[in-house]
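Trainee: I should like to learn how burial along a helix is read from a model. Where should one begin?

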Amino acid sequence: MNGNKALMEQQRREIGERIRFLRIQSSFSQEKMADLLGISLNAFANIERGEANFRISILMAMSNIFNVSTDFILMCEDLISSKVTSRILRIAYAPANSQVIHAKITQFTWQTKRNIVHKIIIALRERSNRP
């Protein structure tokens, strides 16, 4: 039983890390997220630290706010919703390469996906700052 409890705690921490990553990438403060979700700041901070469970309604709201699937939040199943993935890849890469890149991205681990998203965001910001 202790092994299951430790595994559940580890999974909760990983979910919290994904939520924190998504919040930071979306430029939201913890206070803003708590307000959007209709929960206290303390409750949201506990979710991010992996110290608390949350209702399905909170999961669905975060999915909508971050424009990711609930699977991504819970299991990192996909990078980001296909609509956003397509948009990012269309902007960042030649259209002919976007399907190949997307197929490769879906095979990576959570950490690798996070690094890819970070690099794409930086590239898009640099591209938008050019005259």
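Mentor: Begin with the terms: buried means under 20% relative accessible area, exposed over 50%, and partly exposed in between, with a 1.4 Å probe and protein chains only. Helices (H or I, at least four residues) and strands (E, at least two) are DSSP runs, numbered from the N terminus. The model is predicted, so local features need pLDDT of at least 70 and side-chain atom pairs pLDDT 80 or more, while totals for chains, interfaces and linings use all residues. Residues are numbered from 1 along each chain as its sequence is written, and side-chain values use heavy atoms, leaving out hydrogens and water.

Trainee: Which residues of helix α3 are buried?

Mentor: In α3 (residues 41–48), these are F44, A45, N46, I47 and E48. They pack against α1 (2–25), α2 (30–37) and α4 (56–66), where contact means heavy atoms within 4.5 Å. A45 counts as buried because its relative accessibility is 8%. Its C-alpha lies 6.9 Å from that of Q30, although the two are 15 residues apart in sequence.

Trainee: Why do buried residues of a helix point the same way?

Mentor: An α-helix has 3.6 residues a turn, so residues three or four places apart point the same way. In α4, the buried residues are I58, L59, M62, S63 and F66. Because they cover an arc of only 140° around the axis, they lie on the same side of α4; the arc is that of the directions from the helix axis to the C-beta atoms. Exposed I56 and N64 are on the face turned away from that buried side.

Trainee: What covers the buried residues of α4?

Mentor: The cover includes α1, α2, α3 and α5 (70–75). Just after α4, N67 takes a positive phi of about 55°.
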